[in-house]
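Here is a short report for a reader meeting this structure for the first time. Look at the sequence and the model, then read on.

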Amino acid sequence: MEKLTRFFWWCCGVHQATLAKYPAEHSKYVGIGATIFFTGLFAALSGGYALYFVFSGGEFAALFALLFGLLWGLAIFNMDRYIVCSINKNATASRQFLQATPRILLAVLIGIVIARPLELKVFDKEIRDQLRVTYLDRQRASIDTLNKAFDSKYAIELEKLTEFKTERDSLEASIKADRHKLKLETFGEKTVETSGIVGYGPYAKQRQADLEKQERYLDTLRASVRQQEAYIAQRKQFEGLLDEQLLTGVQLDSAVNIAGFADRNAALGDLKYHADGSVNSANYWSITFIMLLFIFFECLPVFVKLMSARDAYDIALQSQLTIDNHRSGTDRDAEIAIIDGVHDTRVQQAIAKRKAQLWENEPV
């Protein structure tokens with residue numbers, strides 16, 4: 001426990017020799033140090049998890065994630081340690097708050113950065129479902145874009161095919177009606193367009209000839225339609241439209257498994273809203289509260305340091321700083337005095353030497 005206590009003291013950046021003299025303050029600084037340590041630990045897990053998706057699919061993805069997570073955790077730990085130990089409790093309350101303001105803003109930013117990858121892990125199942133929907137929507141949009149571009153490029157050919165089909169359908173309906181009239185003419189049923197004479201007479205033969213002529217033209221139209229459809233299909237194959245197909249379940253799972261950090265982060269943002277754009281309150285507040293929890297956790301050491309009263313350790317530390325500053329000042333003054341004395345001695349010796357030379361050179 002003694003080693004663990006001193007380790008947490010080191011985490012919060014205290015002067016251990018001074019703090020050891022005041023047992024009543026030990027627990028407070030152990031708590032602050034433990035908070036800083038676990039913040040760095042969460043940062044390491046968060047950074048490693050985020051980078052794992054950056055290198056996902058690579059041979060050394062796990063190794064890179066481990067190394068980066070360790071470096072990121074140490075960086076956050078060092079910043080938190082500096083933030084807490086740099087707050088001067090011997091200053092006024094307004095001065096302390098002014099000192100802590102940029103550090104609190106930095107802590108908020110660090111909390112947001114730490115929280116995001118861990119939110120991705122918490123909502124992993126929902127993110128996977130959202131990614132499936134997103135990938136399908138993207139593919140549908142891509143196919144629609146290709147189809148629109150194809151329709152624009154081959155507008156003349158498509159219009160000609162439409163005309164052939166329209167004429168074919170109209171002719172098929174006309175032939176069907178003429179066959180019915182031929183049947184009525186043959187059986188001698190009297191209508192506005194039939195003679196009412198039973199048998200295969202001149203009127204029936206005329207209708208039969210007209211019908212055969214229409215059927216021959218219909219065959220020509222059907223051949224034209226098939227030819228035009230074959231040409232359109234060939235163009236679609238050439239443009240790659242026939243190769244575009246919606247992903248199957250297995251393909252979607254594979255795409256989701258290799259999804260990068262950006263896609264997963266975007267999917268997490270999409271979870272806050274319904275398909276119609278309205279806010280999904282359950283997901284929105286769940287994600288927000290997780291982020292706020294980590295922001296509070298990151299700011300907690302700073303808040304504890306600010307809210308704590310000026311204790312015996314702070315007074316002793318200020319006294320020690322005053323003594324050290326005074327010692328430094330007196331050492332400086334002594335060093336300056338020594339330098340000045342040595343300089344004066346050198347000047348006097350030089351003067352005496354010059355005088356001696358003058359007396360030696362003086363003529364008798």
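## Salt bridges along helix H6

Arg132 is partly exposed, because its relative accessibility is 25%. In this predicted model, Arg132 pairs with Asp129 in a salt bridge, at 3.1 Å from N to O. The two residues sit three apart in helix H6, so about one helical turn separates Asp129 from Arg132.

Asp129 has a second partner. A salt bridge also joins the side chains of Asp129 and Lys125, with 3.7 Å from N to O. Lys125 and Asp129 are four residues apart in helix H6, so about one helical turn lies between them. How accessible is Asp129, and how accessible is Lys125? Asp129 has a relative accessible area of 37% and is therefore partly exposed. Lys125 reaches 59% relative accessibility, so Lys125 counts as exposed.

## A buried pair across the chain

The chain has 11 salt bridges. One of them joins Asp124 and Arg264, whose closest N and O atoms are 2.5 Å apart. This pair links distant parts of the chain. Asp124 belongs to helix H6 and Arg264 to helix H10, with their positions 140 residues apart. Are these two residues buried or exposed? Both Asp124 and Arg264 are buried.

The pair is also part of a network. Salt bridges with shared partners join Asp124, Arg128 and Arg264.

## The overall fold

The chain contains 12 helices and zero strands. From the N terminus on, its elements run α-α-α-α-α-α-α-α-α-α-α-α. The chain has 364 residues, and 30% of them count as buried.

Which share of the contacts with a separation of 6 or more spans 24 or more positions? The figure is 73%. The exposed surface of the chain is about 23,300 Å². Carbon and sulfur atoms supply 61% of that surface.

## The nonpolar cores

The largest nonpolar core holds 23 residues. Which of them touch the most other members? They are Ile114, Phe123, Ile127, Leu131 and Leu268. Helices H3 (26-54), H5, H6 (124-153), H9 (249-257), H10 (261-270) and H11 (281-307) each supply at least two residues of this core. Helix H5 gives the largest share, five residues. Apart from this core lies another, of 13 residues, including Cys12, Ala34, Ile36 and Phe77.

Leu268 deserves a closer look. Leaving out residues up to four places away in sequence, Leu268 touches Arg116, Glu119, Leu120, Phe123, Ile127 and Ile287.

## Glu119, a buried acid

Glu119 is found in helix H5, which covers residues 93-122. Why does Glu119 count as buried? Its relative accessibility is 1%, and the buried class takes values under 20%.

What does Glu119 contact beyond its neighbours within four places in sequence? Its contacts are Leu268, Ile287, Ile290 and Met291. Leu268 and Ile287 touch one another as well.

## A nonpolar patch on the surface

Now turn to the surface. Phe55, Phe60, Leu63, Phe64, Leu66 and Leu67 make a nonpolar patch of about 580 Å².

Take Leu66 from this patch. Leu66 lies in helix H4, which covers residues 61-85. Why is Leu66 called exposed? Its relative accessible area is 60%, and the exposed class takes values over 50%.

Note on methods:
Residues are numbered from 1 along each chain as its sequence is written. This is a predicted model: local features need pLDDT of at least 70, side-chain atom pairs count only at pLDDT 80 or more; totals for chains, interfaces and linings use all residues. Side-chain values use heavy atoms; hydrogens and water are left out. Patches are made of residues with over 30% relative accessible area and no salt bridge: like charges are joined within 9 Å, nonpolar side chains (Val, Leu, Ile, Met, Phe, Trp, Tyr) within 5 Å. Accessible areas come from the Shrake-Rupley method with a 1.4 Å probe; for residues, only the protein chains shown count as cover. A salt bridge is a side-chain nitrogen of Lys or Arg within 4 Å of a carboxyl oxygen of Asp or Glu. Buried means under 20% relative accessible area, exposed over 50%, partly exposed in between (1.4 Å probe, protein chains only). Contact means heavy atoms within 4.5 Å. A nonpolar core is a set of buried Ala, Val, Leu, Ile, Met, Phe, Trp, Tyr and Cys residues joined through side-chain atoms within 4.5 Å.
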